[in-house]
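Let's take a walk through this structure together. Have a look at the picture, then read on.

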Protein chains: 2
Amino acid sequence: MRVLVVEDETRLAENIADGLREGPGFAVDIARDGEDALHFCSAADYDLIVLDLMIPRLSGAEVVRQLRAARNRTPVLVLTAVSETGNTIHLLNAGADDYMTKPFDLGELIARARALIRRGKGVSEPLLRFGDLEVHTGEQSVSHGGRKIELSPIEYRILEYLMFRPRLVISKRELLEHLYDFTWEHHSNVIEAHVSNLRKKLRAATEAEVLETLRGRGYRLVGRA
Amino acid sequence: MRVLVVEDETRLAENIADGLREGPGFAVDIARDGEDALHFCSAADYDLIVLDLMIPRLSGAEVVRQLRAARNRTPVLVLTAVSETGNTIHLLNAGADDYMTKPFDLGELIARARALIRRGKGVSEPLLRFGDLEVHTGEQSVSHGGRKIELSPIEYRILEYLMFRPRLVISKRELLEHLYDFTWEHHSNVIEAHVSNLRKKLRAATEAEVLETLRGRGYRLVGRA
DNA sequence: TCCACCCGATGCGGGTTCTGGTAGTGGAAG
DNA sequence: CTTCCACTACCAGAACCCGCATCGGGTGGA
């Protein structure tokens, strides 16, 4: 999953970013002010935006307003200082999805981030199921009929992303965009390679063809529901 | 978060209160004696109580006793002078959760306060058990099947922290955050080193692999319950 | 002073990810 | 139906990163 952190205080921004990378394994970009944030959002499709209210150039509130005006539905988690809580209601009405007051517990931020991403994709439970396949987003594990399947972190992320929209074709490009951040420069067959490995493991565990290739279009999960 | 500081020495009380307000941003009330403290506690639901032992009207020990008798599970952090340490053990067994001897470092008090709060409203049992492993939070000692395991202070705190949520993956970041005070600039492998030593001691004592590493995610305690 | 402990650095080992190459497959055009 | 081309699968080695063990120096307490 790809997340944008909008925060001008470098230390805090890095802190949050690292937490989101290490814990749930998100790809994270950092924007330092409101205009920056909008640029990033037009350049990439994020699964979540973590937005500080007090940022230079454009206020957090304004950022949300412009995003929503542009029909961007990405979930927004707002960070406010205690003194700003008065505006909060206002902000939620303007299109934010959740808020936390600083200082906050990083663990809780991660928990809410996960929940928001799920909700943004129309899923309410932390357990993704498709056929006999189960993905536990909390502990980042996968099982098939109760038996655990061992995946590398990247393989897990790919599968998780697909599991949010089973049966739907997902392009390689989309996978790249959502699994890596902007610091990524490589253009090779990374995705193909990992999908290949993932497919092999899934085939071994399920004894069926679950991960289908649609030539020139992408991949999708198939199978009887 | 709401914290009650029980301390009759005004200067010290204000000092602690300010530290808790500025650092982690807690809301802090101050009670000047034991009865005061109990009144405050019946009027509000605190997340933590910082309690001096030597206070007028009702001793700290008595305060804890009455609180627990009234089914109040708020974590209690006790402050003692060195000469009183003899009573401390009793106090911890009576339901206090942690203690520090005066004079103490304000940063460390904050760190411990946060740790206590995050451990939440779980029962303040002085004994943590997981499998054959027992952690006596009172005397800060560890034993395995009745045989004591000698740990250094830091090793103990790491183990204790893990024992509060056995089987759950705890990241290095979280350990750092909870065991050291918040301003931690340099990143090194302190945690890895201590975990390494701790694991060695645990392995020697239990003759089993208790402390598991999840690469890139963290550590967790495993084993049959 | 001595001792236990903690910190920070370093090299090693193992696992994960990336890359390049090759074989294979499907679609389109002839 | 055949041929050709672009795209994909899979493999194997390389590069990289993370965590482990260990050690010397520093520090604070007895």
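A polar contact is a pair of N or O atoms within 3.5 Å; within protein, one must be able to donate a hydrogen and the other to accept it, and residues adjacent in sequence count only if both atoms are side-chain atoms. Keep in mind that this is a predicted model, where local features need pLDDT of at least 70 and side-chain atom pairs count only at pLDDT 80 or more, while totals for chains, interfaces and linings use all residues. Residues are numbered from 1 along each chain as its sequence is written, chains are lettered from A and ligands numbered from 1 in the order in which they are written, and side-chain values use heavy atoms, leaving out hydrogens and water.

Start at DNA strand D. The side chain of A:Lys200 has an N or O atom 3.2 Å from one of the strand's phosphate oxygens, and for A:Arg203 that kind of distance is 3.5 Å. A:Arg215 goes for a base instead: one of its polar side-chain atoms is 3.0 Å from a base oxygen.

Now zoom out. In total, 21 residues surround DNA strand D, where "near" means having a heavy atom within 4 Å of it. Of the strand's atoms that come within 4 Å of the protein, 70% belong to sugar and phosphate. Helix 8 of chain A brings the largest share of this surface, five residues.

Over in chain A, the charged end of A:Arg2 sits over the ring of A:Phe182, 4.5 Å from its centre; that label takes NZ of Lys or CZ of Arg within 6 Å of the ring centre and within 35 degrees of the ring normal.

Definitions and conventions. Helices (H or I, at least four residues) and strands (E, at least two) are DSSP runs, numbered from the N terminus.
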